[in-house]
Amino acid sequence: MSMKFSEYAKDVIGKVSAGILLCKYEKRQWMFFIVHPGGPYYVNKWDGYWSIPKGMVNLGEDTEVAARREFKEETGITAPHQLINLGTSALNTGKILQIYLGL
């Protein structure tokens with residue numbers, strides 16, 4: 001079952017997610033680890049719908065802690081020890097995304 005974008009967006013406006021963009025430089029090129037997002041809006045939608053592993057930040061939770069937790073939950077991989085804070089981005093849903101870079 002698919003959900004209208006407006007129905008999905010009203011549930012996430014103003015909420016904060018945190019995620020990690022994992023990358024490495026190998027054989028003279030950058031490689032990035034991306035995933036297909038979950039949730040009812042993305043059911044049966046593949047083309048152009050790719051993102052970083054991310055998830056909701058719990059009330060009072062540090063965003064880096066949340067990003068590490070979500071990365072492990074979604075991928076089964078432990079995030080790198082050192083993360084670089086890339087700042088925040090507002091998604092078109094109204095959700096705020098805190099992004100970290102993992103090398």
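## Salt bridges in a predicted model

At 26% relative accessibility, Glu-64 is partly exposed. That makes a handy place to begin our walk through this structure, which is a predicted model.

Glu-64 has a charged partner in Arg-68: the two form a salt bridge, and their closest N and O atoms lie 3.2 Å apart. Why do Arg-68 and Glu-64 stand about one helical turn apart? Both belong to helix H2, which covers residues 63-75, and they are separated by about one turn because they sit 4 residues apart in that helix. Arg-68 is partly exposed too, with a relative accessible area of 24%.

Let us move on to Arg-69. Its side chain meets that of Glu-70 in a salt bridge with an N to O distance of 2.6 Å. Is each partner buried or exposed? Arg-69 has a relative accessible area of 24%, so it counts as partly exposed. Glu-70, at 9%, falls under the 20% cut-off and is therefore buried. This pair also has further company: Glu-61, Arg-69, Glu-70 and Glu-73 are linked in a network of salt bridges.

Elsewhere along the chain, Lys-24 pairs with Glu-26 in another salt bridge, where 3.2 Å separates the closest N and O atoms. Lys-24 is partly exposed at 44% relative accessibility, and Glu-26 is likewise partly exposed, at 33%.

How many salt bridges does the structure hold? The total is 5, including the Lys-24 and Glu-26 pair, the Arg-68 and Glu-64 pair, and the Arg-69 and Glu-70 pair.

Definitions and conventions
Residues numbered from 1 in each chain as written. Predicted model: local features only at pLDDT ≥ 70, side-chain atom pairs only at ≥ 80, totals over all residues. Heavy atoms only, no water. Salt bridge = Lys/Arg side-chain N within 4 Å of Asp/Glu carboxyl O. Buried < 20%, exposed > 50% of the residue type's maximum accessible area, 1.4 Å probe, protein only. Helix = DSSP H or I, 4+ residues; strand = E, 2+ residues; numbered from the N terminus.
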